[in-house]
Every structure is written in structure tokens, then in C-alpha cells.
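Work through the exercises below with the sequence and the model open. Try each task before reading its solution.

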Amino acid sequence: MATNAHAEGEGRQPIVAHHFNNIRQQQASVRFGMWVFLVTEVLFFGGVLCAYAACRIWYPKEFEAGSTALNPFIASINTFLLLSSSFTITLAIRAAYKGQRDGLRLWLASTIVLGTVFLGFKAKEYYGDYEEGLIPGPQKTLVDDVDATGKPVLREVSVFAVNLKHVLEHKNAKAKAISDKMTWNERDRTQMFFVFYYSITGLHVIHMIVGLGLLVWQLILAQIGFFEPTERHVYIEVMSLYWHFVDLVWIFLFPLLYMAGHHSMDGAF
Amino acid sequence: MATTHAPATTPTTLELDYTPQTAPPVVDVDGPPKVHYLNHSFGWLSWLLTVDHKRIGILYLIPLTIFFMCGGIAAGLVRLNLIQPYGAILELDQYNKAFTAHGTIMLFLFLIPVIPGVLGNFFVPMMIGAKDMAFPKLNLASWYVWMGGAMFFIAALLFGGLDTGWTFYPPYSSKYSHTNVIWAGLGVFITGFSSILTGLNIIATVHKMRAPGMTWGRLPLFVWAMYATSVIQILATPVLAMAVCLLATERIFGVGIFDPSLGGDPLLFQHLFWYYSHPAVYIMILPGMGVINEVITCFSRKNIFGYKAVAWSSVGIAVVGFLVWGHHMFLSGQGVYLGMVFSVLTMLVAIPSAVKVFNWTATFYGGQITFEAPMLFTIGFIVLFTIGGLTGLFLGILGTDIHLHDTYFVIAHFHFTMVGGMMFAWQAGLHFYWPKMTGKMYSDFWSRLAAVIMLVGFSLTFLPQFVAGYHGLPRRYPYYPVEFQMMNILSTAGATIQGFGYLMPAVYLPLSLFFGRNAGANPWRATGLEWQTPSPPTMHNFEELPIVTHGPYEYALPSKFTLEDGHAHETKGGNGGH
Amino acid sequence: MSEHVQKPIVFEDDHAEPASVASSTLTFLFLAGLACLAMMIGFTDLGPAKVWVSLGVASVQGLVLTLFFMDLRHADKLTWLTAMAAVFWTFLLFLFTLTDYLTRHYYAF
């Protein structure tokens, strides 16, 4: 059993764990394990996107209005941030493979920074939505409306619907046009879009946080020289698979959530 | 070493030789090894921090047994209540909580984890000649996650209960139920995560950890079945997790995705739910089918009939099982044309299942059958599973399902496959592998008696339910018309007998630990790699990396493990195939 | 006996050198370009075609990301099988569920 693959790394734990026969088997297992895990992640997001699709088939207008009320600029910036972080983590793998300790730390750190800035923007976006009152919920209020015969009546609608109307009317001309065509029932049902918006982006954020935690852990490991035996670059590699997957999810969320409505550059800056 | 086996009979004619042969005993004559996985370290921490797949298997066994008892008690309450048309012992809401507790505990905390958790963890690495799972720490983490989820579940059921049925259908579960839906949902989510991790581990292990020579065509069929199960686990479970997440969101925030009064669609939940939960019944039954392959070949002293067919039928069930979930929703408002598609696709599942049953039956043919307890359970499995499977066809056909939907016919069908199938397979597996896991042999008489009692009790419980269901007795109702009372009393009587049957192993198996004789390395003279280790196995399973040169069920070979000994026997008797 | 034991066991060898810096940069630039395209589509009014066009762009992006960044192009058959399984089973989920939503209003009687 004593092959050279069992050489001790830095006097710490052996590079090849006790139950593997050689380093190639271990690397292949680790890599394959992450791919299998990503399959479950695909199905996890697939489930909620399937629900999203079903609801959007029923309520295309509501989804369009809901998406129009979102902030597309922050989302666009975030897309580029995530793509850049995917790029930097790829460079980190290469650095680990080549045994470049400083390069590895640099690229891991930049990935962490880019991810954190993403989360910062995300928090700003959530806060903006919160300030605009775009939070679905059972709270009701009364508004002036007209019934079928044109007689003015008081109508009970959700607070969300009122806020949505307000947001759309003050956003830009296109948004106002969409809002004007909506009935109060449709405004109420736009909550459904926001349930999807918060739950999907929320899950994405949770995945980001987990990923950032792991990246910080790897940065610490890089600092103490865990990755000196370059065989261990495979751990950076599987981490990057996960990180790329988070990016992949965002690539699909961007058109489905943010770009499903009508946006214009008016009032962008 | 070689002198201790029965002399190898060399066939003199061209007849196939099915004479029972002993595989070479490894340390049979010396008794159990001095240091094995149970006694190489002691203390609570050595168990709670272990990464040894065998110890983790035992860690699963103990809580699973307790949960089975809990689920059984809930079932007993339901059955007792049903001996009178207007309820014998329970209030209405207590009745709802009792059948929900029975369903949720049995499914999420027993049937799904039982064989993957115990036998899968314990034997998959041994069967493929590995020292451990591919990710031992993940394996332990999976157990902790599962225990955490189970605690949420048990807490939800103990403090306030749950009355939605195990299916959690909204809008009842999201809006109207006043019980602990959130906590139970969290339990489902977390135990599901554990199920995913176990499946991931087994898939990676089977792909990457096989010993030299262990090709896919030489994998024991239990491993094939576990592999197929794991594929379902990793593909289906995340969707359930998502469904439960959305349900919890809806319930907590009062928003609507599933609530029709807010524009949502209850069927959407059912789609996501059954995308998992229909394949989940194959998560439950496939490992059982895997165990049956091992037991039936051993006690027939024969190679399995049609190895490839059985192996691929496991994969077939796993794949086709994903195409049929809509047959749970024929009467829920699903599109009629989609219902027809699902009905036709449902028929497809019958094919791989029948392939298995026919191949098992053919394996019996010409075998030297002995009736030890595992074999009795296996025969029970084949009979009961066939009945359960065939009655499933009635339910899969759109027309007859309209009559039988949500009646006791469904209950009887499901319990024939899950209790008659999976529970018997689990008992078969437990009895088959108990000597290997503990090194001790249990009472032959009591174990056989338990098998017979379980079979009698089971049949008496669920055969009347077919009749009652066919005559229209709906499921889940606490009250029923008086003319069904006889059926219900029969059923309850059968449940009582069954209960005694399940208690018996709980007594004689633990007693065997103290009073049983040493089992020896290979008490059943089986041929798998796992039997070539001492009982109980040592810490790393194999002293040397095994080299595999034969298929798993070569009972007709005079001696299979010739490579290391150096004296190869000539084989003229063929390989058990026809 | 012992020479058997020391045989290396690698059933599916998926070893490959990580992508070069130039190749990664090129991939990144391509993905960023597609992201710009996705943004442009998002800010134009294409009517009902918009969702399909933007999903198409996202799919190309996803494909490039998987093939080049996640290095699927160098991966072995098993990894391809795994990735395809994810796509196929997601497809199944969408296929049957959305079939229901698109055909539910047709009655058979």
C-alpha cells in the first residue's frame, strides 16, 4: 500500500485518506461527488422554476407587471459581478494547480470580495423593495373603485396592490401604462410573482452565503499551506464547480425574474 | 484453511451440479476476530464520532427500530378505533393525528431510510470490496442531519400533532390546519437532505471504490438496487424539499401559490409532491428487492436467473418511476388527457417489476431450497409483493381508479407493497445479515415462527381491506357504515397478530447478542465478498484488497475464491445458468 | 499476491489540467458579452418572444459556463452522464407539469 501517493503533506494529515487506494481515485471521487451534488441542486431550483413557469402560464400579465416593478440596474451589475467571480475562481484553480501560493490567495480573496459586493447590492435591492412596500402579505386596505355600473364603491384590496400601483405609476411611462391596464384583482395576484422573486433569490442568496463561507475556509487553508501539495487543487476545483453553479442559477434568474417585464433606461441614473 | 471445507465434488457427468458448497471459511474455526469493528474502541464518543460505515449502519438501526415501534403504535390506535363504526377510543381530531403520525413516521422515518441507512451503509462497501464509503465524514453528517430532522418530526407529532395526512395537501395544510405543519415540513426537508447525502455517497462509492475485478457485471444485485435507489434519491428529493419550502412560505406569510382563493393552484403542490413521492415508493421498495436477490440465491444454492435482466430492471424501475406520478391525481382535477398519458405510462412500471418476480421464481426452479428464516421472509415477500403489484394495476388504469380512488383498496395495495414487500424484505435482510453484523446467531425456531406469524397477521389485516375498499369504504374516514364492521374487526385482529409478530424479533435478536452461538464468518455458506470477512468484520473490512474474479452468486462452483489460495478447482458444472 | 494489492484503481479517469489563463479570460469575455446582450434584450420590447429569446441567450451562457468554466468538455463520460441526467430529469418535471397546465381546459367528454 505504501505508494508515494501516501507521502505526508507538511507533516499533517496524509494527502490520500485511509479508505482510498491512490490519489487519482480520491480526486475522481471528490470531483464526481460534487457533480452528483450539483444534480440535486439543479433539481432543487428546477422545482421552484417549474412552479414559477406554471404560475406564469396562468398569469402572464401579473408576472410582467411584477417584473417591471423590480430594479433591473442592480441586477445587471450583479450579473457582471458574479461572472467576474466565476472568472477569478477559475484562476484560483490554476494557481493551486501550479502551486502558486500567492496567486491562489489573491484569486480566492478576489472571488470572496466580488461575492460579498454582490450580496451588498442584493441587500440594497431588498431594502429598496421593502421601502416601496413590495412585500406580499395578507394585510388589507380600502381603496376607491367603481363597480360594474360605474358607481363609486369602497373596495378591499391588499396593501401590496396599492403599493404596486404607486411604484409602477412613478417608475416610468411604460410602467405606468402597464399599471393603468391592470384591475385590482390582478394587482393583488402580482403578489405571486413576488413570492417567487423573494423565495428564488432568497435561496440563491443562501447558496451564495454558503459558498462564501466555504471560500473563506479555503482561504484560511491556503494561508496555512494546506494546498502546498498541489494534488489538493482538486478541492479548489470542486469548490469552483459549486460556485459556477450558483452563477449558472443567476444567469437564468436574471431573464426570468428581472427581465420579464418592461424596463427602460429612463430614470436610471 | 482449505481442509475445513466440504470436499469439492467434481461432477462426473454433464449434469449441472447444485450440491451445496461451502465457500472457504476465513476464520470460521478460530471464532470471531479479537478486534473487530464493535470492540476496537469503546465509549459514546467512539460511536457518535465514528466515520466507519459499519458503525454508522448500527447507528441507523437503533433509532429506526424505535421509530418503527412509534409508527406501529399509531397504526394500532387507528385500527383499534375502527373496530366500531362510530369510533372506539379516539376523538375525531385524535384519529386524524393518529393516522397522520402513522403515515409520516413510517414513510419518512422508517421505510425510506431503513435499508439504505442500515444495510446499504453496512454492506455496499463490503460487497464491492472497499474499505469504507467514498465520503465517510459525509456519511456521519448524513446520520446527524437525519437525526436532527427526525427530532423535528417527533417534536411536531408529540407537541400538538399533525393532522394533514402524510401528503400535506394544501390549502388544508397551508391555511386551515391548526397543527404543526411547519415543524413537520422542516422535518421532511431535513431528513430529505440526509437522504440525498446518503444517496450521493452510495453512488460515488459504487462508481469509484470498487475493488479490482469488480466490474458492473459482477456487482451483487443488492448493490445495483441500492444504486438505482440512490439515483432516485438524488433526483427526486430536492423537488420535495422545494415543495415543502413553498408550502411553508405560503403558511408563514399568508401568501398564495397553492391557495386557490389567492389565485394559486393546489394541484401545483401535488405535482411537485408526487414528483418526489411516487419515485419515493421505489426508494422504499428497490432496496428490499435488492435484499431478496441476495437471500434467494443463497437459500436456493443457485445463481440468479437472468442477472442482467434483474440488474437493469432496477435501473428501469428507477427511470420509469419518474414518468408516472400523475396517477395519484386522476381525480384531483388534473388534465384528462395528461391522465391518460400517465395511465399508460403507469403500466410500464409493471414490466421491470414483473421481470424481477419472474426471475426470482425461475431462480427457485431446480434449486436446493432450504427454509431458514430469511428465506421464509423472502417467499412471503414474493407472494405479497406480487399481489400488491398486480392490484396496483387496477389503480393505475384510469377507468377502474375512478371507482377505487381513495378507498381501502388503495390502502391494501400500498400496504401489500410496503409492508408485505418492504417490511418483509427488511426482515429478510436483517435476519440474513444479523450474523454478519453481530457475529451471533439468533434462534432458528423463534425466527421461523415470527416469519409465519407476520405472514398470517399481515394477510388477515389487509386482505379484508381489498374487499372493503372494492365495496366503497373510503380511506381516512373515522366513521363507516355498519355493514363494514366485520371487515374492520378482521383487519384489527390481523393487526394485533402482526404486532406480536414484529415484537418477536425485537426480543430474540437482542437476546442472541448475549445467548446466541457464534455465527462464524459465513453461516449461510453464501458467496458474496461480504461473507469472506470475519463476523463481525474488522475495522477496514478486508485485510488485503480483494481481487474479484467471479460473479456474485456462483453457488455451483466448487470453490470460488481460488486466487489467493492458489489451488483452483476445475469447474465443469457451469455457472448455474441454463 | 502483494503485486495485486498495489495495482492502482481508477475506473473512470477524469484527470485534466485546469484551463489556461488565456482560455479563461476568453470565456469570461464571451460570457460578459452575452450578459450585455441579455441586458439589451431586457430593455427592449419584444412582446411574447422576449422570454424565449432571453432564455435562449441564458442557455448559451449556461452552456459556455458549464463546458469551459466547469470544464465539462474535458470531463469523462460519467460526468457527462451526470450532467445530462440533471437536464433530463428537470425536463421531465417541466414536461408533465406544464403539459397539465397547457391541456387542463380540454375535456375528454
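**Exercise 1. A pair within one helix**

Is Lys165(A) buried, partly exposed or exposed? Then find its salt-bridge partner.

Solution. This is a predicted model: local features need pLDDT of at least 70, side-chain atom pairs count only at pLDDT 80 or more, and totals for chains, interfaces and linings use all residues. Residues are numbered from 1 along each chain as its sequence is written, chains are lettered from A and ligands numbered from 1 in the order in which they are written, and side-chain values use heavy atoms, with hydrogens and water left out.

Step 1. Apply the classes: buried means under 20% relative accessible area, exposed over 50%, partly exposed in between (1.4 Å probe, protein chains only). Lys165(A) has a relative accessible area of 25%, so it is partly exposed.

Step 2. Look for the partner. A salt bridge is a side-chain nitrogen of Lys or Arg within 4 Å of a carboxyl oxygen of Asp or Glu. The side chain of Lys165(A) meets that of Glu169(A) at 3.3 Å, N to O.

Step 3. Classify the partner. Glu169(A) is partly exposed because its relative accessible area is 23%.

Step 4. Place the pair. Both residues lie in helix H5 of chain A (residues 159-169), 4 residues apart, about one turn of the helix. Helices here are DSSP runs (H or I, at least four residues; strands are E, at least two), numbered from the N terminus.

**Exercise 2. Two more bridges**

Which residue forms a salt bridge with Asp71(C)? Which helix holds both Asp444(B) and Arg448(B)?

Solution. Step 1. Asp71(C) pairs with Arg73(C), with the closest N and O atoms 3.7 Å apart. Asp71(C) is buried, at 14% relative accessible area. Arg73(C) is partly exposed, at 33%.

Step 2. Asp444(B) and Arg448(B) sit in helix H14 of chain B (residues 444-470), 4 residues apart. Their side chains form a salt bridge of 3.1 Å, N to O. Asp444(B) is partly exposed at 39%, and Arg448(B) is partly exposed at 30%.

Step 3. Set these in context: the structure holds 18 salt bridges over all chains.

**Exercise 3. Chain A against chain C**

How many residues does each of chain A and chain C bring to their contact? Which helix of chain A gives the most?

Solution. Step 1. Count the contact (heavy atoms within 4.5 Å). Chain A brings 57 residues and chain C brings 53 residues.

Step 2. Take the area. The size of an interface is often given as the accessible area lost when the parts come together. Buried area is that loss, with a 1.4 Å probe, summed over both parts. Chain A and chain C bury about 4800 Å² between them, 74% of it on carbon and sulfur atoms. Trp35(A), Phe87(A) and Arg94(A) supply 13% of the area that chain A buries against chain C, more than any other three residues.

Step 3. Find the charges. The count between chain A and chain C is 2 salt bridges. One of them joins Lys98(A) and Glu17(C), at 3.7 Å, N to O. Arg94(A), Lys98(A) and Glu17(C) are linked in a network of salt bridges.

Step 4. Name the elements. Helix H1 (23-58), helix H3 (72-98) and helix H9 (233-258) of chain A each give two or more residues to the side that touches chain C. H1(A) gives the most, with 21 residues.

**Exercise 4. Chain B against chain C**

Which side chains meet in a salt bridge between chain B and chain C?

Solution. Step 1. Chain B gives 32 residues to the contact and chain C gives 22 residues. The two chains bury about 2500 Å² between them, 70% of it on carbon and sulfur atoms. Lys208(B), Tyr337(B) and Leu338(B) supply 18% of the area that chain B buries against chain C, more than any other three residues.

Step 2. The count between chain B and chain C is 1 salt bridge. Asp265(B) and Arg104(C) form a salt bridge at 3.1 Å, N to O.

Step 3. H10(B) provides the largest share of the side of chain B that touches chain C, 7 residues.
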